[in-house]
Amino acid sequence: HLFSMLVHSNPPSDLTWSICSLTVVLIVRLYIRKRNIKQTALDFFDILLLLIIIAIIISIEGAIIFTILRALVEYRETAQVRTFYLYLLRFDIPVFLSAFIPRIPVNLLDKGICVTLGLFIYKGLCKIKWLQTLESRPQ
C-alpha cells in the first residue's frame with residue numbers, strides 16, 4: 001500500500017487498507033498457533049476454513065474502512081467492486097452493505113489464490129527442510 005501510494009500518487013488515506021493485509025497475517029498466525037499445526041499437518045480443510053474466515057473478516061473490515069473513508073474524504077470504490085457497489089446503492093441498499101456484499105466473492109477469489117500459493121510454498125519449504133535433514137545425516 002505504501003509502494004502504491006508513492007509510485008501511483010495515491011492519497012495517504014489508501015494506507016488504511018493495510019489493516020486488511022495485517023489482519024490476514026494475524027488470522028493465519030493465530031489459526032496455526034491455535035490448531036498447533038506441525039510442518040505437514042496443514043490440510044485442505046484448514047485451507048478452506050482459513051479462506052472463509054479471512055474472506056468474511058476482511059470483507060467486513062473493507063466495508064468499514066470504505067464507509068469511513070467515503071464519509072471523511074469522499075473516497076471512491078475500487079474497480080474490483082465498483083459496479084456491484086453502485087448497483088446496490090441504486091436500489092437503496094445502505095452504503096456499508098453495498099460495500100460489504102461485493103467484497104465477499106472478490107476476497108474469496110483473491111485470498112483463495114494467495115492462501116493456496118502460500119500452502120504450496122509452505123509445503124515446498126517443508127520438503128526442502130526435510131531434504132536438508134536427510135543430506136546432513138551421516139550415512
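**Exercise 1. Classify the burial of F100, then characterise its ring pair with F96.**

Step 1. F100 has a relative accessible area of 16%, so it is buried (under 20% relative accessible area; exposed is over 50%, partly exposed in between, with a 1.4 Å probe and protein chains only). The model is predicted: local features need pLDDT of at least 70, side-chain atom pairs count only at pLDDT 80 or more, and totals for chains, interfaces and linings use all residues. Residues are numbered from 1 along each chain as its sequence is written, and side-chain values use heavy atoms, with hydrogens and water left out.

Step 2. F96, at 32%, is partly exposed.

Step 3. F96 and F100 both lie in helix α5 (residues 95-136), 4 residues apart, about one turn of the helix. Helices are DSSP runs of H or I with at least four residues, numbered from the N terminus.

Step 4. The ring centres of F96 and F100 are 6.1 Å apart and the planes stand at 5 degrees, so the pair is stacked. Rings of Phe, Tyr and Trp (its six-membered ring) pair if their centres lie within 6.5 Å; planes under 30 degrees apart are stacked, over 60 edge-to-face, and the rest tilted.

**Exercise 2. Determine the geometry of the F66 and Y85 pair and what it connects.**

Step 1. The count of aromatic pairs comes to 3. In the pair of F66 and Y85, centres 5.0 Å apart and planes at 80 degrees give an edge-to-face arrangement.

Step 2. F66 belongs to helix α3 and Y85 to helix α4 (residues 82-90), so the pair ties together parts 19 residues apart in sequence.

Step 3. F66 is buried at 1% relative accessible area; Y85 is buried too, at 4%.

**Exercise 3. Describe how α2 packs on α3.**

Step 1. The axes of α2 (residues 18-35) and α3 (residues 44-73) come within 10 Å and cross at roughly 150 degrees. Axes are lines fitted to C-alpha atoms, for helices over the stretch in contact, and angles run from 0 to 180 degrees between N-to-C directions.

Step 2. The crossing is right-handed, meaning that the near helix is turned clockwise from the far one by less than a right angle.

Step 3. Residues of α2 in the contact (heavy atoms within 4.5 Å) include I19, V24 and R35, and those of α3 include D46, I54 and I65.

**Exercise 4. Locate the centre of the largest nonpolar core.**

Step 1. This core has 19 residues, of which W17, I54 and F66 touch the most other members. A nonpolar core is a set of buried Ala, Val, Leu, Ile, Met, Phe, Trp, Tyr and Cys residues joined through side-chain atoms within 4.5 Å.

Step 2. The largest share, 8 residues, comes from α3.

Methods
Helix = DSSP H or I, 4+ residues; strand = E, 2+ residues; numbered from the N terminus.
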